[in-house]
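Let's look at a protein chain together and ask how each label is earned. Have the picture open as you read.

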Amino acid sequence: MRLDWLEVFLTVADELHFGRTADRLGMSQPAVSRAVAALEASLGTQLLDRTSRQVALTPAGVAFERGARETTSALARATRAARAGVEGGLSSIRLGMMIGAAQPPVGRLVAELRLREPAALVTLVTVDERGLATALTSGEVDAVAAWQPSVPAGLYSRPLASVPLVVLLPEGHPLASRKVVRWADLADEEVLIPARERQPVVYDLYRTLASRAEVVPRIAMDVATTTDLLLMVASGAGIGHAPIPVELRWDGVVVRRHEPEIEARYVLAWAVRTAAVNALLQALDAVEPRL
């Protein structure tokens with residue numbers, strides 16, 4: 001089966017007209033008909049019902065179209081990979097994401113990476129603090145967007161994002177009327193943060209910062225992701241204290257600055273300088289002025 005036959009067939013499937021197909025491909029109409037006939041002969045089945053007035057896919061044609069599109073799409077990805085010089089692990093890049101790391105600068109990094117490595121499948125993998133080093137050294141992920149204090153000694157890192165710690169309040173909460181929220185305001189509130197078993201550094205630092213202000217926060221619930229946190233706050237299960245852009249809008253949630261201001265600094269961390277890590281670092285170099 002020839003690839004040019006597939007191209008002709010898929011174009012006919014789009015246009016459902018031999019004349020328009022011929023114009024689109026720069027072929028003569030008889031050449032289009034011959035290509036379709038040759039494809040049908042090679043498959044031993046009819047793909048198109050054609051009359052003088054209309055063209056339609058047969059049931060076999062509908063089934064074949066799906067597979068043909070998958071084949072041509074895979075071929076296009078392979079071609080882009082070859083032209084981009086993709087080797088080894090760059091056919092896929094796995095980026096670990098610690099809770100809270102899904103920040104706009106990380107999104108810009110991934111967008112730049114996709115432009116530079118169009119053939120690579122970029123996968124985001126949730127990584128807890130306790131599993132960060134193992135995920136990197138085992139090759140489960142190529143790099144991790146991680147909260148800076150959580151990165152163990154022995155790993156490499158580059159600055160990635162700096163985000164203020166804000167207070168997330170349910171709409172109608174008494175503190176929602178204030179422009180800023182202080183530690184003392186949170187003394188009697190139930191706070192939603194990741195459990196210590198999941199994020200020990202985040203948990204301990206949070207308790208330390210609160211204790212300096214002579215506040216003992218009431219930890220109400222373990223939340224695994226930022227989305228979980230926002231959903232629980234919106235439902236009134238408690239308030240959130242998290243590194244999230246102040247401009248964030250989420251139905252049922254009011255975002256307020258915290259005083260004093262506390263910054264969460266995120267880094268791109270890795271264990272071994274692989275081709276995938278190099279690709280991430282090159283993308284980071286490109287977006288760094290915008291971070």
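**How the labels are earned**

Q: Why is Leu-281 called buried?
A: Leu-281 has a relative accessible area of 4%. Buried means under 20%, exposed means over 50%, and partly exposed lies in between (1.4 Å probe, protein chains only). Its 4% is under the cut-off, so Leu-281 counts as buried.

Before going on, a note on the source: this is a predicted model, in which local features need pLDDT of at least 70, side-chain atom pairs count only at pLDDT 80 or more, and totals for chains, interfaces and linings use all residues. Residues are numbered from 1 along each chain as its sequence is written, and side-chain values use heavy atoms, with hydrogens and water left out.

Q: Where does Leu-281 lie, and which residues is Leu-281 in contact with?
A: Leu-281 is part of helix H9, residues 275–287; helices (H or I, at least four residues) and strands (E, at least two) are DSSP runs, numbered from the N terminus. Setting aside neighbours within four places in sequence, Leu-281 is in contact (heavy atoms within 4.5 Å) with Arg-158, Leu-268, Trp-270 and Arg-273.

Q: What makes the chain more spread out than a compact globule?
A: The chain has 9 helices and 12 strands. Its radius of gyration, taken over C-alpha atoms, is 27 Å, while the globule rule (2.2 Å times the number of residues to the power 0.38) gives 19 Å for 291 residues. The value is well over the rule, so the chain is more spread out than a compact globule. The C-alpha atoms fill a box of roughly 85 × 45 × 35 Å along the principal axes.

Q: How do you know how confident the predictor is in the chain?
A: You look at pLDDT, the predictor's confidence in each residue, from 0 to 100. The chain averages 86, and 93% of the residues score at least 70. Confidence is lowest in helix H4 (residues 59–84), with a mean of 74, and highest in strand E5 (residues 143–147), at 94. Where pLDDT is low, the predicted coordinates should not be read in detail.

Q: How do the residues lining the largest pocket divide into nonpolar, polar and charged?
A: The lining holds 18 nonpolar, 3 polar and 1 charged. Ala, Val, Leu, Ile, Met, Phe, Trp, Tyr, Cys and Pro count as nonpolar, Asp, Glu, Lys and Arg as charged, and the others, Gly among them, as polar. A pocket is an open set of points on a 1 Å grid over the protein atoms alone, where a 1.4 Å probe fits, with protein on both sides within 12 Å along at least five of seven lines; lining residues have an atom within 4 Å of a point.
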